[in-house]
Every structure is written in C-alpha cells, then in structure tokens.
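Let's take a walk through this structure together. Have the sequence and the 3D view ready, and follow along one step at a time.

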Amino acid sequence: MANSNITVALLQWYDANHRIFPWRVSPADRARGVAPLPYHVWLSEIMLQQTTVQAVRPYFLAFVERWPDVHALAAADNEDVMKAWAGLGYYSRARNLKKCAEQIVSDHNGYFPDNVADLKALPGIGDYTAAAIAAIAFNRPAAVVDGNIERVVARLFAISTPLPAAKAPIREQMSRLTPQDRPGDFAQAMMDLGAIICTPKRPACGLCPLNADCAVAGRDDAEAFPVKPAKAKRPVRRGTAFVAVASDGSILLRKRAESGLLGGMTEVPGSAWTARKDGELGAQAAPFDGDWKEAGTIRHIFTHFELRLDVYRADFTDRPPLEGGWWSAQATLSGEALPTVMKKAIAAAIETAPETNLSRKGLLL
DNA sequence: GATGCGTGGCC
DNA sequence: TGGCCAAGCAT
C-alpha cells in the first residue's frame with residue numbers, strides 16, 4: 001500500500017524538526033545506514049516510561065558510561081543498579097531492567113530479539129516498548145502507541161470513545177499509517193509531533209504538518225481529545241520517620257521490602273503509612289529509645305496518595321544497632337539507594353540542627 | 001478493565 | 001497552589 005498523505009507529510013516534518021537526544025540516531029544518519037544500538041533504544045525506552053526526557057537524560061548518560069552494554073549491566077550488582085536509578089521513580093523498572101539484561105545474556109546470546117512477540121516476553125517490556133524497540137532498533141513496521149500518539153491519533157480522527165477503550169481503534173489507525181520503509185522514524189515523528197505541536201494544552205494547529213488532514217485542527221475543542229475518564233481524588237496517608245544521627249554525622253538506614261511501593265530501595269526507620277486520622281502517632285514507632293525531637297512534617301506526592309510524614313530526629317554517641325539496618329557515613333549517603341521522599345525526610349531532620357556540617361543540603365540533595 | 005506504582009515541572 | 005502531565009508495565 002502506498003504511504004498516505006499523513007505519513008509523507010509527517011516524515012518530511014520530522015526530517016526538518018526532529019528533536020536531538022543522546023539515544024537517538026538522526027534521520028539523516030539513519031538514511032546513511034546508521035542504526036541505533038538496541039541496548040541504547042531499550043534502556044532509553046524503559047527510562048522514558050511515564051518520565052520526561054529532561055529527567056531521563058542524565059540517568060541515561062550515567063548508565064551507558066558505567067554499563068556500556070547489556071553484558072556489563074547483566075553482570076552488575078543489583079544494589080548498584082538501584083542506587084544509580086534512585087530519584088528516577090517507578091523502581092520496579094530498575095528491578096526488571098536488571099532481570100531483562102540477565103535474560104538477554106542467558107537466553108538470547110546477548111542479542112535483543114528483533115520482533116514484538118519475543119520482546120514482549122521480557123521483563124519490563126509491554127506493548128509500547130516492544131513495538132518501539134522493534135521499530136526504532138530493527139526497522140520493523142510495528143504499531144507504536146504511547147501517550148503522545150494516543151493524543152495525536154485521537155485528534156486526527158476525532159475519536160470520541162473514552163480511553164482506555166479508545167486504545168484499540170487508535171492502534172488500528174497507527175498500524176494503517178505506519179510505513180514499511182521508515183517505521184522507526186515514523187514512530188519517533190509522531191511522538192515528537194505530540195510533544196512539540198499537538199500538545200495536551202493549546203495545541204499549535206497552525207504549525208502542524210497534518211493540519212489539512214486533521215479532523216479537529218483549529219477547532220476550539222481540539223484539547224478535548226482524547227477523552228479521558230475522571231480521576232479519583234488523591235487520598236492522604238500519614239506516617240512517622242526517624243532520623244538517627246551519630247556524632248560523626250552517620251545516619252541509620254534500612255532496606256525496604258523487595259516488592260511494592262519503593263520496593264528494594266533504602267529508607268530511614270519509620271511507621272507504616274496509613275489513612276489514620278486520629279492525630280499524632282508520635283515517637284511510639286521509634287526503632288529504639290532516644291531523645292526523639294520533632295523535626296517537622298514533610299509532604300510528598302505519590303501517584304495515588306499524598307504522604308504527610310512526621311520526621312523525628314535524635315542524636316546518638318553509641319550507634320545503637322538495628323536488625324537489618326546500617327549506619328551510613330555522610331560521605332556515602334548520596335550514593336545510597338534513597339528515593340526522593342527519604343532524601344526530603346533526612347534533609348528536614350538535618351536542617352533542625354544547623355550546627356552539624358550535614359546541614360549543607362548539597363551533600364544530601 | 002482497574003489498580004498500584006515516583007518524581008519534577010508547569011500554569 | 002493543586003491538578004495535570006510525562007516515550008507504561010504488571011497483576
């Protein structure tokens with residue numbers, strides 16, 4: 001089948017307006033036969049799941065420098081991978097990233113599969129990522145559908161079916177539009193268009209290369225596509241965290257359970273986080289006795305709840321032991337697998353004691 | 001199909 | 001400021 005007007009116009013736009021990323025091969029280089037490394041495509045796509053390119057860029061560069069190929073990553077220490085991922089969020093991605101690297105080496109001789117079905121069988125790779133790797137790394141005409149493309153296609157054809165039911169017709173249209181000759185560039189072009197022109201708010205229809213073929217171009221309700229279900233209000237959970245500080249500035253840490261929220265990451269001791277509304281829990285949940293003093297309450301927004309965490313601090317000269325815990329010196333603290341919420345809690349505790357040199361936030365954040 | 005799962009930036 | 005949004009996946 002010949003390429004449609006939409007396909008041709010979009011690829012022309014992409015040739016002149018594509019974004020530049022460290023994991024991307026430009027259309028000009030690709031036309032000369034340069035192909036991106038599957039390892040780079042895979043790593044970037046995992047990092048980019050529900051994450052902005054600005055947040056991903058430094059993590060991607062750090063990972064490829066430290067672990068240049070899938071063999072290096074497969075041989076890496078699990079804890080080192082979690083530490084390197086700390087701050088990027090959705091930590092199951094890091095656990096699955098490591099598992100996937102190991103499977104590529106053990107089951108695929110170190111080479112990424114070049115087709116959607118085999119890619120989807122790997123940990124952390126779903127419909128989107130399998131299609132993206134197949135198209136971008138192996139030039140397979142897979143129908144790539146991410147959040148950007150859902151928005152672009154829903155507007156192009158004025159699809160009024162609400163998500164997620166609209167995913168099926170959107171995928172059909174994407175499958176129909178994807179060209180045999182440049183499927184990887186086409187997928188990236190659709191995503192760039194969604195990020196630059198066909199934005200969620202105030203789309204720049206006047207600058208859009210698909211303007212003449214779009215069902216909603218210039219309509220004042222273009223923003224209304226795709227139709228999304230109403231979101232539930234975010235509940236509040238409360239908890240207590242304990243920052244134990246030794247005389248040399250070391251802080252007591254422990255490891256969270258491998259699965260679930262912040263699975264496998266490091267934390268300071270604390271209570272469970274619950275929906276209780278019966279006032280202060282206080283220092284009851286402290287890991288051991290001490291002169292625990294209130295250091296403030298931090299607020300942190302997770303995807304599905306808001307956390308209000310009461311932070312307590314106490315200073316110790318004897319470094320009491322904690323089952324499964326360890327004291328981390330201030331020089332090593334920034335290298336721990338601490339999620340952002342825990343860095344906030346530690347910073348809150350440190351700032352209440354400006355006499356310590358840990359109070360320089362730069363050491364922690 | 002619905003739910004759990006992070007974080008930072010934007011208006 | 002609070003809600004929305006960002007290259008989704010696993011269960």
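**Where the protein meets DNA**

Of the 27 residues around DNA strand C, the ones that come nearest are Leu 48, Gly 126, Tyr 128, Thr 129 and Gly 147. Keep in mind as you look that this is a predicted model. Which helices help to form the surface near DNA strand C? At least two residues each come from helix H3 (38-47), helix H9 (127-138), helix H10 (147-156) and helix H12 (183-196). Sorted by character, the residues of this surface near DNA strand C are ten nonpolar, twelve polar and five charged.

Now turn to DNA strand B. Here 20 residues lie around the strand, and Gly 89, Leu 261, Thr 303, Pro 339 and Thr 340 come nearest. How do the residues of the surface near DNA strand B divide? They comprise eleven nonpolar and nine polar residues, with no charged ones.

Next, step back to a longer stretch of the chain. The UniProt record, an unreviewed entry, places the feature "domain: HhH-GPD" at residues 47-196. Over residues 47-196, the chain is 65% helix and 0% strand, and the C-alpha atoms at the two ends are 20 Å apart.

Finally, return to H3 and see how it meets a neighbour. Two packed helices are described by the angle between their axes and the distance between the axes. The axes of H3 and helix H4 (residues 53-66) cross at roughly 140 degrees and come within 10 Å, and the crossing is right-handed. On the H3 side, the contact is made by His 40, Leu 43, Ser 44 and Met 47; H4 brings Val 56, Tyr 59, Phe 60, Phe 63 and Val 64. The residues of this contact of H3 with H4 are seven nonpolar and two polar, and no charged residue takes part.

How values were computed:
Residues are numbered from 1 along each chain as its sequence is written. Chains are lettered from A and ligands numbered from 1 in the order in which they are written. This is a predicted model: local features need pLDDT of at least 70, side-chain atom pairs count only at pLDDT 80 or more; totals for chains, interfaces and linings use all residues. UniProt positions are given in the numbering used here, feature names are shortened, and annotations may be inferred rather than shown by experiment. Helices (H or I, at least four residues) and strands (E, at least two) are DSSP runs, numbered from the N terminus. A residue is near a molecule or strand if its C-beta atom, placed from the backbone, lies within 6 Å of it. Ala, Val, Leu, Ile, Met, Phe, Trp, Tyr, Cys and Pro count as nonpolar, Asp, Glu, Lys and Arg as charged, and the others, Gly among them, as polar. Axes are lines fitted to C-alpha atoms, for helices over the stretch in contact, and angles run from 0 to 180 degrees between N-to-C directions. A crossing is left-handed if the near helix is turned anticlockwise from the far one by less than a right angle, and right-handed if clockwise. Two residues are in contact if their C-beta atoms, placed from the backbone, lie within 7 Å.
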